[in-house]
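User: Please take a close look at the largest pocket of this predicted model, and tell me what lines it and what its volume is.

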Amino acid sequence: MKRNMTEWLQGIIASPARQAMPIATFPGMEMVQASAVDLFTDGQVQYECIHALAGRYPSIAAMTAMDLSVEAETFGAPIKLSDSEPPTVTGSLVTDMAGVEALTVPKIGTARTFEYLKAASLSAQNITDRPVLGGMIGPFSLANRLMDMSQFMMALRRDPDLAHALLEKCTQFLMAYASAFKATGVNGIIVAEPAAGLISPAFCHTFSSEYVKRIVDAVQDENFMVILHNCGNTETLVTAMLFTGSRALHFGNVVDMTRILSQVPADVVAFGNVDPLKVMKMGSVHDVKFRTLTLLEDMAKYRNFVLSTGCETPPGTPLANLDAFYKTLDIFNATQDIRHKWLFGS
C-alpha cells in the first residue's frame, strides 16, 4: 500500500504517546507452528508469521525477517540452516583482489532473495493498516561475510583498494535488491550494518556510510524510507550514520540511548534498544517489564524515540515476554496521559 512516509515519521514525532516497533518476526513461528527452516526458506511461511504478529501486536510497522546470510548466500557463500536458529555463513568466498574481480554480482531473485521478496510482496498486499518494511544487510557487513572478517578488517588499513573493490560489488547488488523490495510495494527497508560497529568513526564513514548513502540515494523518497540499523557500539558513530541520509536510525542494546538521542536531530526518528537475548528471550516477564519501563522513562523527553528491541528477537522468545513489552508501553502511555491532564487540563 502506497503511503507518505514523511508524514508517517512526522506523526510519530508529534504523537503524545510513545509507540513501539520491536524487530520481532521469529516469535511468529510459534503462532503459525513453523520451523526456522520454513521461515527462512519459504516466503509464504514468512509472510504468515509476519501477518500473525501484525494481528496480535500494535507495532507501528510490520517487517520481514532479519537474516544476515541471504545476500552472502546469493553470492555463493556457504551457509548453515538450523531448525531453531537463524542461518549462518560458514566460510569465506574471496581472499584476494583476483577473487574479488572474478566475483559476479548476482541477479536479484537468485537463491533465497526470491523468498524474501515474496514475503515482502504478500505482506504489502495484505497488511494495509501500517507500513511494511523489507530488510537487508548493509554493504560493509556483507563484505565481512564474503571475506574472512579478520582479513577484511586488516585490508581497511593495509589494502584499502581491495576493501573498496569488494564493497563496490556488494553495493551494486544491494542497490538492486533495495529497488526490488521497493517494487514489491513495501514502504521502506531496514538496512542492517552491525559490522560497522566494530570500526572507528573515520573508517565507518569511509567504508560503510559512503556506500550506504548510495543505497539511500537510489531508493529513498516520500513514499519509501530507509532505516539504518547498527547494533554495535555506535556511541561515536552517530554522525557517520546520519551522513547516510537515512530517515531513521536503529540502535542495539550495547549503547546507552540517552547518549545516543542527545546526538540525533529532533526530526530523525531513533529506535532502540531492549536486549533481545538476555531480556526478551532469556528474561522473565518481570525483567521485560522492568527494562522496558526504565527505557521509556529515560527517553521520556525525546519525542523522536520509538521503543524497540536492540536487534531481532531470537527464535524461542516467549510470546508472554512480547506481551509484557507491549503491556508495559500501554501502562506507561496511560500514566503519561494522566500526568498531562493533571498538569495542563483535558
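Analyst: The largest pocket has a volume of about 600 Å³, where a pocket, on a 1 Å grid over the protein atoms alone, is an open set of points at which a 1.4 Å probe fits, with protein on both sides within 12 Å along at least five of seven lines, and the volume is the space filled by probe spheres set on points joined across faces, edges and corners. Its lining counts 28 residues, each with an atom within 4 Å of a point, and those closest to the centre are Leu68, Pro86, Pro87, Thr88 and Arg145. Two or more lining residues come from each of strand S3 (88-89), helix H8 (139-146) and helix H14 (276-281), and H14 gives the most, with 3 residues; helices (H or I, at least four residues) and strands (E, at least two) are DSSP runs numbered from the N terminus. By class, the lining of the largest pocket holds 14 nonpolar, 7 polar and 7 charged residues, with Ala, Val, Leu, Ile, Met, Phe, Trp, Tyr, Cys and Pro counted as nonpolar, Asp, Glu, Lys and Arg as charged, and the others, Gly among them, as polar.

The model is predicted, so local features need pLDDT of at least 70 and side-chain atom pairs count only at pLDDT 80 or more, whereas totals for chains, interfaces and linings use all residues. Residues are numbered from 1 along each chain as its sequence is written, and side-chain values use heavy atoms, with hydrogens and water left out.

Beyond the pocket, 7 strands form an open sheet with parallel pairing, in the order S1-S4-S5-S6-S7-S8-S9, two strands being paired if DSSP finds at least two bridges between them. The edge strands of this sheet, each pairing on one side only, are S1 (62-63) and S9 (305-309).
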